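Hello,

Here is the structure I said I would pass on. My notes on it follow below.

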Amino acid sequence: MSPEVAHFAPLIVITPLLAAMAWNDLKNLMISNKLVLIMLAAFVFSAPVFLSFHESVYRAIFGVGVFFVGFLGFTLRLWGGGDVKAIAALSLFVPSYSLLLFFYTFTLSMTVGMLFVITSRSIIGFPECRWLALRPKASYPMGVSIAMSGVLLPLVAMGFG
């Protein structure tokens, strides 16, 4: 296995969790703590297999930093608590050499996610919609963009995107 693939292997492994996160956030406007805890466990168990000790430490430092910045945003009511925990957990899976690419991928995911939600609301959104994120005045489900950025990052970084 090439080093680049090994660095992204833990992220690729959690793709089903990311899909569940996006689905749950669209449906319920909530990111499950269980999903975030499973992501953390997946990192703890996969890091020794795929990553060097130094890479694991870099990712942990980045994850803690993301959590504290997110917590500040949470206290200012810019983000929800689930969003903060999810992006901090996802950041553990981002290779240290691809942080800038992750920011670009996340920005693209935010744009595409917002366009998707706005379009979906205009087509199928109504006040009684079962999918809470598609109701006309609902908040934006950040789990969609968080998940999308996690799925796109390895594709773009390894040249498949």
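Phe-68 counts as exposed because its relative accessibility is 55%, and the cut-off for that class is over 50%. Please keep in mind that this is a predicted model.

Phe-67 has a relative accessibility of 32%, so it is classed as partly exposed. Its place is in helix H4, which covers residues 53-75. Phe-71 also lies in helix H4, 4 residues from Phe-67, or about one turn of the helix. With a relative accessible area of 41%, Phe-71 is partly exposed as well.

On aromatic contacts, the count comes to 9 pairs. One of them joins Phe-67 and Phe-68 in an edge-to-face arrangement, with 5.9 Å centre to centre and 70 degrees between the planes. Phe-67 also pairs with Phe-71, and that pair is stacked: the centres are 6.4 Å apart and the planes differ by 25 degrees. The label follows from the angle, because planes under 30 degrees apart count as stacked and those over 60 as edge-to-face.

These three residues turn up again on the surface. Phe-67, Phe-68 and Phe-71 are among the members of a nonpolar patch there, along with Val-64 and Phe-74. Together the patch residues have about 480 Å² of accessible area.

Two other items involve rings. Phe-62, Phe-102, Phe-103 and Phe-106 form one aromatic cluster. Separately, Lys-27 places its charged end over the ring of Trp-131, at 5.2 Å from the ring centre.

Regards

Technical notes. Residues are numbered from 1 along each chain as its sequence is written. This is a predicted model: local features need pLDDT of at least 70, side-chain atom pairs count only at pLDDT 80 or more; totals for chains, interfaces and linings use all residues. Side-chain values use heavy atoms; hydrogens and water are left out. Patches are made of residues with over 30% relative accessible area and no salt bridge: like charges are joined within 9 Å, nonpolar side chains (Val, Leu, Ile, Met, Phe, Trp, Tyr) within 5 Å. Accessible areas come from the Shrake-Rupley method with a 1.4 Å probe; for residues, only the protein chains shown count as cover. A salt bridge is a side-chain nitrogen of Lys or Arg within 4 Å of a carboxyl oxygen of Asp or Glu. Helices (H or I, at least four residues) and strands (E, at least two) are DSSP runs, numbered from the N terminus. Rings of Phe, Tyr and Trp (its six-membered ring) pair if their centres lie within 6.5 Å; planes under 30 degrees apart count as stacked, over 60 as edge-to-face and the rest as tilted. Buried means under 20% relative accessible area, exposed over 50%, partly exposed in between (1.4 Å probe, protein chains only). A charge sits over a ring if NZ of Lys or CZ of Arg is within 6 Å of the ring centre and within 35 degrees of the ring normal.
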